[in-house]
Amino acid sequence: MKELTRAQKRAITATDRSMAVIAGAGSGKTTVLINRCLEIVGDSHAELDRILAITFTEKAAAELKQRLRHKLPPAAHHRLATAWVGTFHGVCARMVRQHAPLLGLDPSFAILDENASHLLMRQAVRSSLLARLSARDEQVSLLVDEMDFRNASALMEDLMAFRWHARLALKDPRSDNEREDRLLDASAHVYGLCEKAFYDSLGSEDALDFQELEIAALNLLDNHKDVLGSYPVSYTHLRAHETKAN
């Protein structure tokens, strides 16, 4: 292993404070994260249960666990099976499954990959638009007349790809222009129809996609203070692994 720099050593050993480590790809962030975790647990490998370590990809999470395993004595290897070391979505899924009844979910819910989620969103958007056009929904007709069907569908798909933000942005849409206000109101109305159709589809599949995992975790922590309060007690060390583009 390459000799650690002074900054890396400081990031590893300064475990009594919060710290942000910003570095480019291949600069040794995973090495720092692993050694910081080992610095925290010391000889008490039970402390692995008190660390929440998050990274972006399954590959990086697997590497993190593998390299931690190599540093631990065999007697402590079993603790990695239950350690909270994984991706953002993996951690969200674990959290949501543990408290699924509070969210009205079956703990055995499936998780859709990005391709399956995108297909379901597209079907929800197009079926909603076509059904409401047939029903002569004035708001849907206004949006399609202004943008045409293809562009209206594309707009709804884009909004569905950022559901948490779209919902907040369209909660009370207003501008300084009367025509824009009508279009914003129509967009909010149509988005609501598409979102409902999408959630109905998720419900029939007993599934969540990656976005819904994040949204469910946020709702859990926002609306159930007892759950929120339990995590600072459970995890005394929070670690996130992020790559900064050069």
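Tyr199 is partly exposed, with a relative accessible area of 27%. Its partner in an aromatic pair is Phe198, and that residue is buried, at a relative accessible area of 0%. I should say at once that we are looking at a predicted model. The two rings of Phe198 and Tyr199 are tilted, with 6.0 Å from centre to centre and 50° between the planes.

How many aromatic pairs does the count come to? The count is 2. Besides Phe198 and Tyr199, Phe56 and Phe88 form a pair, again tilted, at 5.0 Å centre to centre and with 50° between the planes. Phe56 belongs to the loop between strand 1 (51-55) and helix 3 (58-71), while Phe88 belongs to helix 5 (residues 88-98), so this pair ties together parts that are 32 residues apart in sequence. Are these two rings buried or exposed? Phe56 is exposed, with a relative accessible area of 53%, because the cut-off for exposed is over 50%. Phe88 is partly exposed, at 32%.

One further ring deserves mention. The charged end of Arg97 sits over the ring of Phe109, 4.0 Å from the ring centre.

Allow me to turn now to helix 6. This helix runs over residues 114-134, which is 21 residues. At 1.5 Å a residue, helix 6 should span 30 Å, and its end C-alpha atoms are indeed 30 Å apart, so expectation and model agree.

Which residues of helix 6 are buried? They are Ser117, Leu120, Met121, Ala124, Val125, Ser128 and Leu129. Viewed down the helix axis, the buried residues of helix 6 fall within an arc of 155°, and therefore they line one face of the helix. The general background is that an α-helix has 3.6 residues a turn, so residues three or four places apart point the same way.

What do the buried residues of helix 6 pack against? Their neighbours are helix 7 (138-147), helix 8 (149-160), helix 9 (163-169) and helix 10 (178-205). On the face turned away from the buried side, helix 6 carries the exposed residues Asn115 and Ser134.

Finally, the two ends of the helix. Asp113 caps the N-terminal end of helix 6, with a side-chain oxygen 3.2 Å from the backbone nitrogen of Asn115. Just after helix 6, Arg136 takes a positive phi of about 60°.

Methods:
Residues are numbered from 1 along each chain as its sequence is written. This is a predicted model: local features need pLDDT of at least 70, side-chain atom pairs count only at pLDDT 80 or more; totals for chains, interfaces and linings use all residues. Side-chain values use heavy atoms; hydrogens and water are left out. Helices (H or I, at least four residues) and strands (E, at least two) are DSSP runs, numbered from the N terminus. The expected span of a helix is 1.5 Å times one less than its number of residues. Buried means under 20% relative accessible area, exposed over 50%, partly exposed in between (1.4 Å probe, protein chains only). The arc is that of the directions from the helix axis to the C-beta atoms. Contact means heavy atoms within 4.5 Å. A polar contact is a pair of N or O atoms within 3.5 Å; within protein, one must be able to donate a hydrogen and the other to accept it, and residues adjacent in sequence count only if both atoms are side-chain atoms. Rings of Phe, Tyr and Trp (its six-membered ring) pair if their centres lie within 6.5 Å; planes under 30 degrees apart count as stacked, over 60 as edge-to-face and the rest as tilted. A charge sits over a ring if NZ of Lys or CZ of Arg is within 6 Å of the ring centre and within 35 degrees of the ring normal.
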